[in-house]
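Grab the structure and work through a few exercises. Try each one on your own before reading its solution.

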Amino acid sequence: MLRAREFGVRGSRIPVPAPVPFARPGPPGSPAPRAAPDVSTRPHTIHTAGNDPTGRIGKESADMTSPAQAPPATVAAALADTATLGGFFAPVLAGPDEGWHPVAESYAAGSTDLIADSARRYGTTEPRVAASVVQLGHAARLWSPLLACAVAHGVVPDPTRLQRADDGPALRFPTPAGWWAREPAGTAELLYRLVVEERLAAMAAGLRVRVAPRLLIGNAASALVEAGRALTAARPELREPATDLVTRLLATGALVGTGEITDPDLAFRRRSCCLFYRVPPGDKCGDCSLDR
């Protein structure tokens, strides 16, 4: 179900729901900040207390329990660079507020607008199938930029103020903020908290549709691995750190036991089904647990 054109690179398969309106009061507009500067595509060193150029990490927390804030310009530059990969790696950065709302509003509303549109688009009468498609796509939009920024630039964007488009699933960082990536284990823990514990959990809690928790966390794992696979396909020099981070995340919290990586190119076999086979004409995903 993850498609190459949505990730922006070859080898991925997630459908993207078409734009639909999200009913809410219109927020006041705001001027667009200056564009982020160009950045290098070289792998960035993961900062620890010993190599942090700002000197803040050791001062904030000797045991690395608290990540150090990265300069907004650095976060903006990292997001701008990873956005060149296209698709799920390219959230909107800054710009006018009109046409966007806090993603938490969508979670609280059950993402019903996207789910209804997904059902129409894929011709399914099963709300849980449409909900699975929407949640899987949203997980990919969360993982992709955060994973790429952490691996390629050593920063983790802060999604606290993340917004969703009124007319579709696109995401926006209204202002750049984030942290220096910690050592690999700490970076995995931070990404897990930001994506799984704080956002995907809130999305699942708000759903009006009954969907098995195991299916939803399986979707999260599938989207994570596909993001890593797409990133390494586009930038082979990032293969080792990207594979390491994805592997660490799969060994974290609820992601444990969701599936297994089956080859060095991050092919994945999940242990739950996203239900996409129930959408006409009944195709299965590349990582489908039913395709043995």
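## Exercise 1: a bridge along a helix

Asp244 is partly exposed, at 31% relative accessibility. The model you're looking at is a predicted one.

**Task.** Find the salt-bridge partner of Asp244 and say how far apart the two residues are in sequence.

**Solution.**
- Start with the contact: the partner is Arg248, and the closest N and O atoms are 2.9 Å apart.
- Next, place the pair. Arg248 and Asp244 both belong to helix α9 (residues 239-250), where four residues, about one turn of the helix, separate them.
- Now check the partner's exposure: Arg248 counts as partly exposed because its relative accessibility is 33%, and the cut-offs for that class are 20% and 50%.

## Exercise 2: more bridges

**Task.** How many salt bridges does the whole structure hold, and are Arg229 and Glu226 buried or exposed?

**Solution.**
- The total first: a search of the whole structure turns up 10 salt bridges.
- One of them joins the side chains of Arg229 and Glu226, at 3.2 Å from N to O.
- These two residues sit about one helical turn apart, because they are three residues apart in helix α8 (residues 213-234).
- As for exposure, both Arg229 and Glu226 are buried.

**Task.** Which residues are linked in a network with Arg199?

**Solution.**
- The network of salt bridges links Arg193, Glu198 and Arg199.
- Within it, look at Arg199 and Glu198: their side chains meet at 3.1 Å, N to O.
- Compare the two ends. Arg199 has a relative accessible area of 8%, so it counts as buried, while Glu198 has 34%, so it counts as partly exposed.

## Exercise 3: helix against helix

**Task.** Are α8 and α9 roughly parallel or antiparallel?

**Solution.**
- Take the geometry: the two axes come within 9 Å and cross at roughly 175°.
- Angles over 145 degrees count as roughly antiparallel, so α8 is roughly antiparallel to α9.
- Now the residues. On the α8 side you'll find Ala221, Leu224, Val225, Gly228, Leu231 and Thr232, and they meet Arg239, Ala242, Val246, Leu249 and Leu250 of α9.
- Sorted by class, the contact has eight nonpolar residues, two polar and one charged.

**Task.** At what angle do α3 and α6 pack?

**Solution.**
- Helix α3 (residues 72-83) packs on helix α6 (residues 127-153) at about 110°, with the axes 9 Å apart.
- The range for roughly perpendicular is 65 to 115 degrees, so α3 and α6 are roughly perpendicular to each other.
- From α3, the contact uses Ala78, Leu79, Asp81 and Thr82; from α6, Pro145, Ala148, Cys149 and His153.
- Their classes come out as five nonpolar, two polar and one charged.

## Exercise 4: read the sheet

**Task.** In what order do the four strands of the open sheet run, and which are the edge strands?

**Solution.**
- The order is β1-β5-β4-β2, and the pairing is mixed.
- The edge strands are β1 (92-93) and β2 (100-102), each of which pairs on one side only.
- Zoom in on one pairing: β1 and strand β5 (residues 171-173) are parallel, joined over two bridges.
- For a residue to click on, try Leu93, whose bridge partner in β5 is Phe173.

## Exercise 5: what's inside

**Task.** Which residues of α5 are buried, and what covers them?

**Solution.**
- In helix α5 (residues 112-122), the buried ones are Asp113, Leu114, Ile115, Asp117, Ser118, Ala119 and Tyr122.
- The cover over them includes α6 and β4 (163-165).
- Follow the chain just past α5 and you reach Gly123, with a positive phi of about 65°.

**Task.** Where is Gly186, and how far in space is Ser66 from it?

**Solution.**
- Gly186 belongs to helix α7 (residues 184-206).
- Its relative accessible area is 0%, so Gly186 is buried.
- Ser66 lies 120 residues from Gly186 in sequence, yet the C-alpha to C-alpha distance is 9.4 Å.

**Task.** Zoom out: how many helices and strands does the protein chain have?

**Solution.**
- Count nine helices and eight strands.
- Of the 292 residues in the chain, 53% are buried.
- Finally, take the contacts between residues at least 6 apart in sequence: 72% of these join residues at least 24 apart.

Terms used: Residues numbered from 1 in each chain as written. Predicted model: local features only at pLDDT ≥ 70, side-chain atom pairs only at ≥ 80, totals over all residues. Heavy atoms only, no water. Buried < 20%, exposed > 50% of the residue type's maximum accessible area, 1.4 Å probe, protein only. Salt bridge = Lys/Arg side-chain N within 4 Å of Asp/Glu carboxyl O. Axes fitted to C-alpha atoms, helices over the stretch in contact; angles between N-to-C directions. Parallel < 35°, antiparallel > 145°, perpendicular 65-115°, else oblique. Contact = heavy atoms within 4.5 Å. Nonpolar A, V, L, I, M, F, W, Y, C, P; charged D, E, K, R; others polar. Pairing = 2+ DSSP bridges.
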